[in-house]
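Here are some friendly notes to read alongside the model. Keep the structure open and find each residue as you go.

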Amino acid sequence: MNQNLVSLIRSRVGNPSRVFLETETGKVFTYADVFALANRFANTLVRLGLKPGDRVAVQVDKSAEALILYLGVVAAGGIYLPLNVGYTLAELEYFIGDAEPHIVVGRPESHAGLAPLAQKLGVAHTLTLGTKGEGSLIDALAGASDQFTPVQREANDLAAILYTSGTTGRSKGAMLSHRNLFSNAETLASYWRFTSVDTLLHALPIFHTHGLFVATNVVLLAGAGMLFIPKLDPDLIVKLLPRATSMMGVPTFYVRLLQHPGLTADLVKHIRLFVSGSAPLLAETHREWEARTGHRILERYGMTETNMNTSNPYEGERVAGTVGFPLPDVALRIADPETGKVLAQGEIGMIEVKGPNVFQGYWRMPEKTAAEFRADGFFITGDLGKIDEKGYVHIVGRGKDLIISGGYNVYPKEVETEIDGMPGVIESAVVGIAHKDFGEGVTAVVVKAKDSALDEAAVLKALEDRLAKFKQPKRVLFVDDLPRNTMGKVQKNLLRDAYKDLYK
Ligand code: MLC
Ligand code: AMP
């Protein structure tokens, strides 16, 4: 049987005239429309020389066509490689050089910068796709048939590569197979009771696991529908919630919606499920949400490399501050970070997971892949946690030097490397400080040379073309020395403590 994700999704579609997606401008795509357009994309990609296993890198603003392009690439046997729209050309150069895509699709307004870069890096075709369904990719569809049989794929063949930053500052491409994506979506759709009567309010970006796989694949497999809006827009969300049955968001979604006077228990009385993930949801936000709406947010835990690992129960107690139980087909254990020895229930250690959800390794980085798996196949998540006496998993910290800002990962090393390279900088430490909106705020603490006139504005200006906006520090602070332990290691915990009220 063909294990192509799109083939498996298509085999589940009950009612082709069911609306899959409706945008805020009233554009509607039924399931039949979605697969017809995905087929036209697939035929066009094949005509442009795409062969099974070739990468298609996509950096475009959110639109229905962009989402359907994902299905077209996967149907054609290609590997879908979505890129954060915030990435600068400097960052893109690395991703395109590393992934060697056959085709790159960018925004119409970025074409002038992107096309020469892609050409230099050996990309065969650079096309554009805009938010109004325009661009050279759409022009290229002319004459393409809306019939296409998904290319035969095995379960472990790759469907997508998603880049995640690394502790060394170099991003790694997480290779996800058709089975990784299908199995997790199937598990979640059933665990969270999604059916064809559901309508998901979709306001997440579609270049990450949460918005692309968790939200979209679950809806597709359930034959449900979604209200698809460009971004977190509290006014629009409040307007549309009466038509939805569920919403998924990062914690910032819930924090911001709580500030909206229109959010009332009455507005959401018919909602079946609110899901939060990608970053820790404060127990306080969970409680405020319940007090205001009567709903207990369901928190779940995942990673780009693993898809979703745990979830609070659909029925049963959703415990604030925990990420719930391992999903049915996921094995999860807590181990000593150094030795890998499995720890007793209640002890804090490294969270390790194994299952059909876990990725196939990092693209062209066999050593890095090997270093993150135990000999028995468990993946070392880098998250520290424990399992309580009722079996709930608690994430208590991170064994990796990582900041999560509004659901986006920022590796301090990458920002420090940029700052350290600036004239007048002796050294820097980048830390995540508690931030009421983003959860953690990227903060740079810099030691400059005595005679340097460098200031906060100059550091930020220099980072503008180098790093995506979300990685840029919200504040740059200057100090005489960085605190170090006896081994000479910067004590980031002391910095986090010293500035803990910076964003209060
Ligand atoms: C935008 N900015 C951010 C930011 N998002 N800065 C830090 N962190 C972020 N996450 C910048 C903007 O460029 C802007 O800069 C300024 O901060 C304020 O922008 P905003 O208008 O407040 O941002 P907004 O567009 O509303 O976006 C905030 C957000 C968005 C939280 C809604 O970042 C978002 O949708 N995040 C979701 C990320 C996500 O999907 N993660 C899932 C990863 S998958 P200026 O200076 O121009 O004003 C994963 C696995 C799993 O982790 O388990 O799910
Ligand atoms: P990413 O690499 O972007 O997929 O981010 C994955 C990381 O996000 C995980 O390793 C966790 O550190 C974090 N994460 C995801 N969901 C949660 C959650 N519910 N609570 C705490 N951290 C989370």
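**Notes on the two ligands and the fold**

1. Let us begin at ligand 2, where a nitrogen atom of the ligand is 3.1 Å from a polar backbone atom of Ser278. Please keep in mind that this is a predicted model, and that the distances quoted here are computed from it. Ligand 2 is surrounded by 16 residues, and the closest are Arg300, Thr304, Asp383, Lys400 and Asn409. Two of these names come back with a distance attached. The side chain of Lys400 places an N or O atom 2.8 Å from an oxygen atom of ligand 2. Asn409 has a polar side-chain atom 2.7 Å from an oxygen atom of the ligand.

2. Now turn to ligand 1. Which of the 23 residues around ligand 1 come nearest? They are Arg256, Ser278, Arg300, Ser405 and Lys474. For Arg300, a polar side-chain atom lies 2.7 Å from an oxygen atom of ligand 1. Arg300 is also listed among the closest residues to ligand 2, so it is a good residue to click on when you want to find both ligands. Backbone atoms take part as well: an N or O atom in the backbone of Gly302 lies 3.2 Å from an oxygen atom of ligand 1, and a polar backbone atom of Gly407 is 3.0 Å from a nitrogen atom of ligand 1.

3. Next, look at the open sheet. Nine strands form it, in the order β2-β1-β10-β9-β11-β12-β13-β14-β15, and the pairing is mixed. Its edge strands are β2 (28–30) and β15 (325–326), each of which pairs on one side only. For one pair inside this order, follow β11 (residues 246–249) and β12: they run parallel and are joined by four bridges. Met247 stands opposite Phe274 in β12. It may help to remember that in a regular strand the side chains alternate between the two faces of the sheet.

4. Helix α11 (residues 283–293) is a nice one to view end-on. Its buried residues are Thr285, His286, Trp289 and Thr293. Seen down the axis of α11, these buried residues fall within an arc of 105°, so they line one face of the helix. What do the buried residues of α11 pack against? Their partners are α10 (251–258) and the strand β12 (273–276). On the other side of α11, Arg287 and Ala291 are exposed. After the helix comes Gly294, which has a positive phi, near 85°.

5. Val238 is worth a stop of its own. This residue lies in helix α9 (residues 234–240). Is Val238 buried or exposed? Val238 is buried, because its relative accessible area is 12% and the cut-off for buried is under 20%. Leaving aside neighbours within four places in sequence, Val238 is in contact with Leu257, His260, Gly262, Leu263 and Leu267. Take Leu263 from that list: Val238 and Leu263 are 25 residues apart along the chain, yet their C-alpha atoms are separated by 6.5 Å.

6. Further along the chain, strand β23 (residues 439–448) is mostly covered, with eight of its ten residues buried. Strand β22 (residues 425–435) runs antiparallel to β23, and ten bridges join the two. A hairpin of three residues leads from β22 to β23. To find the pairing on screen, look for Val430, which stands opposite Ala444 in β23.

7. β23 has another pairing to trace. It runs parallel to strand β24 (residues 475–478), to which four bridges join it. Here Val445 has Leu477 in β24 as its bridge partner. Together, β23, helix α14 (residues 456–463) and β24 make a right-handed β-α-β unit.

8. Finally, two arginines have backbone angles to check. Phi of Arg193 is near 60°, a positive value in a residue other than glycine. Arg193 is found in the loop between α7 (178–191) and β9 (199–202), and is partly exposed, with a relative accessible area of 37%. Arg364 is not a glycine either, and has a positive phi of about 55°. Arg364 is in the loop between β17 (349–354) and α12 (366–371). With a relative accessible area of 49%, Arg364 is partly exposed.

Definitions and conventions: Residues are numbered from 1 along each chain as its sequence is written. Chains are lettered from A and ligands numbered from 1 in the order in which they are written. This is a predicted model: local features need pLDDT of at least 70, side-chain atom pairs count only at pLDDT 80 or more; totals for chains, interfaces and linings use all residues. Side-chain values use heavy atoms; hydrogens and water are left out. Buried means under 20% relative accessible area, exposed over 50%, partly exposed in between (1.4 Å probe, protein chains only). The arc is that of the directions from the helix axis to the C-beta atoms. Contact means heavy atoms within 4.5 Å. Two strands pair if DSSP finds at least two bridges between them. A crossover is right-handed if, with the strands pointing away from the viewer, the path from the first strand over the helix to the second runs clockwise. A residue is near a molecule or strand if one of its heavy atoms lies within 4 Å of it. A polar contact is a pair of N or O atoms within 3.5 Å; within protein, one must be able to donate a hydrogen and the other to accept it, and residues adjacent in sequence count only if both atoms are side-chain atoms.
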